[in-house]
Amino acid sequence: MGRLIIKNGMVLTLDEAGTYHEAATVIVDNDRISAIVPADQTFECGATDEVIDATDKIVMPGLIDLHYHTAIGKGFNDHMPLWEYLDECWYPLIRALDPEAAYWAALASYTESVKSGATTVNDMYRQLDSLAQAADDIGIRAVLSNDVASPEHDLDSLQDNYDAYQRNHGKANGRVEVRIGIEWLPLASRELLRDARAMANDLKTGIHVHLNESKTEVDFCLEKFGRRPTELAYDMGLLGADTIAAHCVWLSDDEIAMMAETGTHISHNPNSNAKLGNGIARVPEMIAAGINVGLGHDAVECNNSADMFEVMKYASLLQRASRIDASLMPAKDVLRMATNNGAKALGHETGQLAVGKKADIILVETQSAIFTPLLRDTPVHMTSHLVFASNGSVVDTSIIDGNVVMRGRELTRVDERKIVREANAAFRRIKDKMVVKRSQA
């Protein structure tokens, strides 16, 4: 098998030095980047090498969706605040889920992600065998975790998560990983949180948890535990450098300090937080404290789009609007949140284009009004367009683990029309099985 040669592209590496090549060739050998060759240097192309002409395209790292839920019910009952939405829609849907429905829902979700530039998803859901198979089939990099809660809430258990780890961790040439998931603290106990940490340590894997998403969650935890959510997570040892905490909208100063002290990573999900009316996270304070903050779309039920370009734009604009400060969250920093920071949080060798790194690469088409005008020799102009002007439709090609999974906006490994048809049928079937069971009672 030959190499993959991506030639004539505008190469935005997002490496530590901020290297940009107005014209260069990226060479991929198996699953890793073996060379980045500027246009004024030569290289040899072998007879078995596959060549992609990236003329007029930006060659850049794939985006990393750091907080993600496979979704089956986009646009269904999406007018509610968080807790009511969970009780009336989200939990009934995922309790009714079966393996086949989960497979098609995952394929539909991953299709939207791949087609809008995401190459990695950190996906907390149920039926992880089905999700792992879907990730393997479409070619995406997927870090999976279960919706673990106390038994009375009829979701997943730590044993479910352990079994899913044993069956799926390391599948698809290592593209599929399994972490321990905690749904959120209102549905947990102190013992469950301690046991989750112990299991993660035993398996040498990480933790994915929702924390401080809404004010009602904070109030509930104060009443139930006498501690705020992140305070309780800190007490139980749940935080750490192997933990990704999603949302964190309602962090106190003390909780921000706890996140920083433990090296916990945060996924900022501005679109979902805005749509559900949960507020705007204190991202500048998190960054100032030294916390690694990545970006996630959350779920299309509470966002309606998995487009990480939209998430980048919201991440900047909401901070600027709410604080009346146009200097906040510049495009170059937000772009790194969606790439470098996500990779750091997951411990992946992705998120930048550099020799030896994993070949998770997207090609962005610039021959459209979206990128007009474009000063090709000025990367700050390019990053502005990527964050503030673009959407997922600009992504032409996606390469994950060295494999071309989308070319010319056509998926190469799965049948998109069949996925749409089957996912629609699965939603109707699962919707008809839904039973509302109030988790707050």
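**From an exposed loop to the core**

Lysine 204 is exposed, with a relative accessible area of 76%. The model that shows this is predicted. Lysine 204 sits in the loop that joins helix 5 (190–203) to strand 10 (207–211). Its phi is near 55°, a positive value in a residue other than glycine. Most residues other than glycine have a negative phi.

Move on to the loop between strand 10 and helix 6 (215–225), where asparagine 212 is placed. Asparagine 212 also has a positive phi, about 50°, and is not a glycine. Is asparagine 212 buried or exposed? Asparagine 212 has a relative accessible area of 0%, so it is buried. The cut-off for buried is under 20%. Lysine 204, at 76%, is by contrast exposed.

Now take the overall layout. The domain assignment gives two domains: domain 1 (4–61 + 352–411) and domain 2 (63–346). Domain 1 is thus written as two segments, domain 2 as one. Their centres, taken over C-alpha atoms, are separated by 28 Å. The contact between the domains takes 29 residues from domain 1 and 28 residues from domain 2.

Next, the interior. In soluble globular proteins, nonpolar side chains tend to be buried together. Here the largest nonpolar core has 120 residues. Which residues have the most contacts inside it? They are Ile72, Tyr110 and Leu386. Both domains feed this core: domain 1 and domain 2 each supply at least three residues. A second, separate core has 17 residues, including Val11, Ile52, Leu353 and Ile361.

Look at isoleucine 72 in detail. Leaving out residues up to four places away in sequence, isoleucine 72 touches Leu93, Leu97, Ala101, Ala105, Tyr125, Glu301, Ala426, Phe427 and Ile430. Glu301 is one of these partners.

Leu386 leads to the helix packing. Helix 13 (residues 379–389) meets helix 12 (residues 331–346), their axes coming within 9 Å and crossing at roughly 65°. That angle makes helix 12 roughly perpendicular to helix 13. The crossing is left-handed. Helix 12 contributes Ala331, Lys332, Val334 and Leu335 to the contact, and helix 13 contributes Thr383, Ser384, Leu386, Val387 and Phe388.

Helix 13 has another partner. The axes of helix 11 (residues 308–323) and helix 13 come within 7 Å and cross at roughly 90°. Helix 11 and helix 13 are therefore roughly perpendicular to each other. Phe309, Met312, Lys313, Ser316, Leu317 and Arg320 of helix 11 meet Leu386, Val387 and Phe388 of helix 13. Leu386 thus appears in the contact with helix 11 and in the contact with helix 12.

Step back along the chain from helix 13. The loop between strand 14 and helix 13 holds proline 373. The peptide bond from threonine 372 to proline 373 is cis, with omega near 0°. Most peptide bonds are trans.

Finish in strand 14 (residues 361–365), where isoleucine 362 lies. Isoleucine 362 has a relative accessible area of 0%, so it is buried. How many residues separate isoleucine 362 from proline 61 in sequence? The gap is 301 residues, yet their C-alpha atoms are 6.0 Å apart in space. Beyond neighbours within four places in sequence, isoleucine 362 contacts Ile58, Val59, Met60, Pro61, Gly62 and Leu63, among others. Its contacts also include Gly117, Thr119, Val395, Thr397 and Ser398.

Methods: Residues are numbered from 1 along each chain as its sequence is written. This is a predicted model: local features need pLDDT of at least 70, side-chain atom pairs count only at pLDDT 80 or more; totals for chains, interfaces and linings use all residues. Side-chain values use heavy atoms; hydrogens and water are left out. A nonpolar core is a set of buried Ala, Val, Leu, Ile, Met, Phe, Trp, Tyr and Cys residues joined through side-chain atoms within 4.5 Å. Buried means under 20% relative accessible area, exposed over 50%, partly exposed in between (1.4 Å probe, protein chains only). Domain bounds come from an automatic or database domain assignment. Contact means heavy atoms within 4.5 Å. Axes are lines fitted to C-alpha atoms, for helices over the stretch in contact, and angles run from 0 to 180 degrees between N-to-C directions. Helices (H or I, at least four residues) and strands (E, at least two) are DSSP runs, numbered from the N terminus. Angles under 35 degrees count as roughly parallel, over 145 as roughly antiparallel, 65 to 115 as roughly perpendicular and the rest as oblique. A crossing is left-handed if the near helix is turned anticlockwise from the far one by less than a right angle, and right-handed if clockwise.
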